[in-house]
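Student: I've got a model loaded and I'd like to zoom in on just one piece of it. Could you walk me through that piece slowly?

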Amino acid sequence: MIALRTNRNACSKLQGMRRIDLIEPFRVMQLLERAKEMETAGRKIIHMEIGEPDFPTPAAVIEAARQQLATGDNFYTPSTGNPDLQQALSVWYKQEYGVDVTPGRILITPGTSGAFSLIYAVLLEAGESVLLSDPGYPCQRNFIRLTGGDPINIPVGPETRYHLSAALLAKHWQNNTRAALIINPSNPTGTLIEDNAMAAVAATCRDHGSYLISDEIYHGLTYGAKARCALEFDDNAIVVNGFSKRWAMTGWRIGWIIVPENLIEACRRVMQNIFIAAPTLSQYAAITALGAADAVEAMRRAYDERRRYLLAELPAMGFDIVVEPQGAFYIYANISRITPDARQFCWQLLEDAGVALTPGEDFGVFRADEHIRFSYATGLDDIREGIRRIKKFLL
Ligand SMILES: Cc1ncc(COP(=O)(O)O)c(C=O)c1O
């Protein structure tokens with residue numbers, strides 16, 4: 001009865017609106033377009049807004065793709081993925097996290113974006129909700145809305161290292177909640193969820209007969225403690241990961257999702273229909289990527305050097321970093337000491353100093369005006385130049 005009422009509320013909220021009207025644009029794209037215009041006009045812009053590795057894909061991966069292309073086998077794989085890649089990932093999970101995952105539970109998707117559109121399609125009926133953090137990676141809300149689901153944005157702050165907690169879940173849980181999502185390390189804050197918090201969040205989801213979904217796309221890019229896989233805490237968790245960030249393979253469009261046995265069949269049916277299969281060439285190259293640990297480590301060290309440089313510079317300039325980021329390639333800074341309007345600050349900084357940053361509004365509404373995100377997926381020389389320009393701008 002209560003469940004029905006909640007559904008009706010969700011529906012009435014949306015009455016008169018078409019689903020597509022709920023899909024928000026990525027606001028930073030407007031800023032990026034302006035930056036490109038300025039570059040075309042001859043200005044050198046420092047890009048610290050983009051969340052994409054500035055490194056090339058490891059050479060061994062490119063070579064593997066070249067060889068695969070030459071074999072002539074560039075046809076569809078099974079919908080759930082190339083069995084060799086599923087097997088390689090199963091072995092990798094044992095080595096990396098000590099968890100046993102049968103290859104059949106590992107479904108290969110076109111990027112993690114493909115994995116998210118798949119899992120929300122499988123889990124959600126119209127009006128059912130998913131709990132997620134604000135601030136958080138903005139596409140998530142839109143994936144959920146596209147399936148007719150209802151994203152419940154939960155304000156999070158430094159107290160929980162910008163992550164969901166069991167207490168927050170208890171406060172916001174609804175009768176029609178199907179899942180809670182964590183992004184660990186977080187985009188935009190780069191923070192890791194604490195082990196006990198992860199365990200408690202997983203237990204809450206399990207107790208409600210729903211799912212913890214863990215976005216682990218920034219795993220491997222951590223600078224101190226290693227990120228833990230949700231499967232280390234709960235075998236029923238749904239884990240999403242991919243090759244875009246750790247292996248610098250954004251354009252290869254390849255990722256994976258690990259689901260409990262009971263969801264495999266439904267996922268397979270959806271995959272057959274909406275993707276047919278992930279890109280074949282990328283699936284072969286990805287097997288080689290799993291062995292490219294040295295190349296990944298070189299990138300990780302470079303990111304860490306940039307991170308440490310920014311952490312040393314930013315606070316004295318008025319950017320407060322309340323929780324030190326331990327992962328991804330982002331720093332989420334509070335700029336209240338400088339301005340009450342992060343959006344206006346970012347636009348002015350771009351026009352006057354030629355430095356592009358992402359305003360907090362891209363990641364939600366909670367205290368968004370007070371925050372900006374620095375991305376350090378940009379070379380150290382450019383980052384130093386960016387800092388020099390920002391200092392001059394703030395004078
Ligand atoms: C937290 C998070 N999840 C997922 C994605 C999507 O990545 P892809 O579809 O390239 O795997 C991104 C991209 O920026 C991200 O930051």
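Student: Let's take β12. Which of its residues point one way and which the other way, and are they buried or exposed?

Tutor: Sure, and keep in mind that this is a predicted model. Strand β12 covers residues 371-375. His 371, Arg 373 and Ser 375 point one way from β12, while Ile 372 and Phe 374 point the other way. That fits the usual picture, because side chains in a regular strand alternate between the two faces of the sheet. As for cover, five of the five residues in β12 are buried, and that goes for His 371, Arg 373 and Ser 375 as well as for Ile 372 and Phe 374.

Now for the partners. Strand β9, residues 330-334, pairs with β12 in the antiparallel sense, and five bridges hold that pairing. If you want a spot to click on, Ala 333 sits opposite Ile 372 of β12. Strand β11, residues 358-359, also runs antiparallel to β12, joined to it by two bridges. There, Thr 358 is the residue opposite Arg 373. Put those together and you can read β12 residue by residue: Ile 372 faces Ala 333 across one pairing, and Arg 373 faces Thr 358 across the other.

To place the strand in the wider model, have a look at the largest nonpolar core. That core has 104 residues, with Val 201, Leu 212, Ile 238 and Ile 257 touching the most other members. Helix α5 supplies its largest share, six residues. Domain 1 (9-55 + 294-394) and domain 2 (59-291) each give the core at least three residues.

Key. Residues are numbered from 1 along each chain as its sequence is written. This is a predicted model: local features need pLDDT of at least 70, side-chain atom pairs count only at pLDDT 80 or more; totals for chains, interfaces and linings use all residues. A residue is buried if 20 or more other C-beta atoms lie within 10 Å of its own, exposed if 12 or fewer, and partly exposed in between; C-beta atoms are placed from the backbone. Helices (H or I, at least four residues) and strands (E, at least two) are DSSP runs, numbered from the N terminus. Two strands pair if DSSP finds at least two bridges between them. A nonpolar core is a set of buried Ala, Val, Leu, Ile, Met, Phe, Trp, Tyr and Cys residues joined through C-beta atoms within 7 Å. Domain bounds come from an automatic or database domain assignment.
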